[in-house]
Amino acid sequence: MRILVTGGAGFIGSEYVRQRLNSDPTARITVLDKLTYSGVEANLASVADHPGYTFVRGDVCDPDVVGQVMAGQDAVVHFAAESHVDRSIDGAGPFVRTNVTGTQVLLDAAHRHRVGRFLHVSTDEVYGSIGEGSWTEECPLTPNSPYSASKAGSDLLALAHHRTHGLDVVVTRCTNNYGPHQFPEKVIPLFITRLIDGKTVPLYGDGRNIRDWLHVSDHCRGIDLVLHGGRAGEVYHIGGGTELSNHKLTGLLLDAVGADWDRVEHVADRKGHDLRYSLDDGKIREQLGYAPQVDFAEGLAATVSWYRAHRSWWEPLKERAGLR
Ligand code: NAD
């Protein structure tokens with residue numbers, strides 16, 4: 001199967017590409033990535049010599065490049081996006097451009113080139129916030145941030161291409177990912193790298209906000225199950241099964257690096273901060289046999305070790321992005 005992977009130099013996309021190429025010598029993957037601030041081609045260095053690997057630097061909003069790389073593909077796995085909520089609050093323009101227009105350009109090209117399957121990677125954030133219980137795939141989308149609104153728009157465009165044109169679309173929505181190679185503006189790598197450097201960490205508000213944590217390798221296994229076994233036109237949730245408040249998560253990270261609560265700085269809450277996300281992922285578990293394999297405590301410890309051992313990966317990225 002020839003697969004076009006957009007955003008394959010990012011955190012989750014690069015894990016997906018490494019997983020696929022490392023497990024299958026016959027796999028054929030073309031990565032299309034613009035290499036924005038969060039894209040790191042070196043994330044793919046370990047598979048660069050695989051005979052089935054091709055890297056193309058380009059923008060998903062550019063119909064010419066997209067048309068060229070789409071020709072001859074059997075499937076698309078679409079990760080490319082602007083994905084940091086805080087950046088979307090500062091300015092939504094790049095989010096609408098890449099997440100909405102970019103997805104539309106890809107869908108149009110996939111339809112034109114009669115691509116067999118289009119897997120659109122999305123997020124639990126499209127549902128808004130939930131006090132109790134969990135969302136099923138049928139729940140209405142009520143996104144609150146410019147980021148989640150742009151992702152909801154792209155989900156609806158993808159599903160509309162199935163209904164209108166018969167394009168074989170599947171959509172995955174996952175919970176918060178963690179693991180190696182995550183850009184150090186997101187909470188877990190930001191806190192780890194700051195704690196390693198002896199700095200304080202900024203905890204939003206009272207830390208009551210709750211997220212479910214999913215190891216990136218489990219997420220990518222779930223994506224592959226949906227790619228090969230999901231039903232056209234359907235949405236699949238992928239969860240990690242570890243719900244934590246930001247306060248609890250901060251405590252675990254402090255413990256992991258041997259630091260105390262005096263290293264925590266309480267900062268003004270994020271505007272419109274969703275209180276809780278929670279996905280019911282019974283559908284993918286029952287229909288496709290998905291189950292997360294990485295225990296959270298072990299996954300977190302391994303992630304802390306990875307950042308300790310890879311300062312040369314994250315330090316230049318933080319410097320370039322102006323992150324302290
Ligand atoms: P990331 O920022 O690490 O990677 C995004 C990649 O997309 C980068 O390599 C970047 O260079 C590329 N890209 C951005 N704009 C592009 C454009 N216009 N054209 C081509 N390439 C472009 O993000 P991530 O955390 O790996 O997220 C990947 C996907 O997963 C996104 O669609 C995101 O919405 C979704 N998601 C992420 C999480 C999470 O916890 N990180 C949770 C749910 C869903």
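Start at S145. A polar atom of the S145 side chain lies 2.9 Å from the backbone nitrogen of S148. Where is S145 in the fold? It sits in the loop between β5 and α5. Buried or exposed? S145 has 10% relative accessibility, so it counts as buried. The cut-off for buried is under 20%. Keep in mind that this is a predicted model.

Next, the ligand. Which residues come nearest to the ligand? There are 28 residues around it, and D33, S38, F79, Y147 and K151 come nearest.

Let's take the polar atoms one by one. K34 offers its backbone: an N or O atom there is 3.0 Å from a nitrogen atom of the ligand. D59 uses its side chain, with a polar atom 2.9 Å from a ligand nitrogen. F79 also takes part through its backbone, where a polar atom lies 2.9 Å from an oxygen atom of the ligand. How much of the ligand does the protein cover? On its own, the ligand has 840 Å² of accessible area, and the protein covers 96% of that.

Which elements build the shell? At least two residues each come from α1, residues 11-23, from β5, residues 117-123, from α5, residues 146-165, and from β7, residues 176-178. The largest share belongs to β5, with three residues. Now sort the shell by type. Eleven of its residues are nonpolar, 13 are polar and four are charged.

On to the aromatic rings. How many aromatic pairs does the whole structure hold? The search finds ten. Let me show you F95 and Y147. Their ring centres are 6.4 Å apart and their planes meet at 75 degrees, so this pair is edge-to-face. Over 60 degrees is the cut-off for that label. F95 belongs to helix α4, residues 93-112, and Y147 to helix α5, so the pair ties together parts that are 52 residues apart in sequence. Look at how covered they are. F95 is at 2% relative accessibility, so it counts as buried. Y147 is at 8%, so Y147 counts as buried too. Remember Y147 from the ligand: it was one of the residues that come nearest.

Here is another pair, Y127 and W135. These rings are stacked, with 5.1 Å from centre to centre and 25 degrees between the planes. Both Y127 and W135 are buried. Add Y277, and you have one aromatic cluster of Y127, W135 and Y277.

Rings can also have a charge over them. Which ring does R87 sit over? The charged end of R87 sits over the ring of Y37, 3.6 Å from the ring centre. K283 does this with Y236: its charged end sits over that ring, 4.4 Å from the centre.

Now to the loops. Take H181 first. H181 lies in the loop between β7 and α6, residues 187-196. Its relative accessibility is 15%, so it counts as buried. What does its side chain touch? It makes a polar contact with the side chain of R18, at 3.3 Å. Check the backbone as well. H181 is not a glycine, yet its phi is positive, about 70 degrees.

L35 is another residue to check for phi. Its phi is near 55 degrees, a positive value in a residue other than glycine. L35 sits in the loop between β2, residues 28-33, and β3, residues 53-57. With a relative accessible area of 17%, L35 is buried.

Two loop residues remain. G72 is in the loop between α2, residues 63-70, and β4, residues 75-78. At 42% relative accessibility, G72 counts as partly exposed. How far is G72 from V17? Their C-alpha atoms are 18 Å apart, and their positions lie 55 residues apart along the chain.

Last one: D269. Find it in the loop between β12, residues 264-267, and α9, residues 282-288. D269 has 41% relative accessibility, so it counts as partly exposed. Compare its position with D206. Along the sequence, D269 and D206 are 63 residues apart, and in space their C-alpha atoms are 8.0 Å apart.

Methods. Residues are numbered from 1 along each chain as its sequence is written. This is a predicted model: local features need pLDDT of at least 70, side-chain atom pairs count only at pLDDT 80 or more; totals for chains, interfaces and linings use all residues. Side-chain values use heavy atoms; hydrogens and water are left out. A residue is near a molecule or strand if one of its heavy atoms lies within 4 Å of it. A polar contact is a pair of N or O atoms within 3.5 Å; within protein, one must be able to donate a hydrogen and the other to accept it, and residues adjacent in sequence count only if both atoms are side-chain atoms. Accessible areas come from the Shrake-Rupley method with a 1.4 Å probe; for residues, only the protein chains shown count as cover. Helices (H or I, at least four residues) and strands (E, at least two) are DSSP runs, numbered from the N terminus. Ala, Val, Leu, Ile, Met, Phe, Trp, Tyr, Cys and Pro count as nonpolar, Asp, Glu, Lys and Arg as charged, and the others, Gly among them, as polar. Rings of Phe, Tyr and Trp (its six-membered ring) pair if their centres lie within 6.5 Å; planes under 30 degrees apart count as stacked, over 60 as edge-to-face and the rest as tilted. Buried means under 20% relative accessible area, exposed over 50%, partly exposed in between (1.4 Å probe, protein chains only). A charge sits over a ring if NZ of Lys or CZ of Arg is within 6 Å of the ring centre and within 35 degrees of the ring normal.
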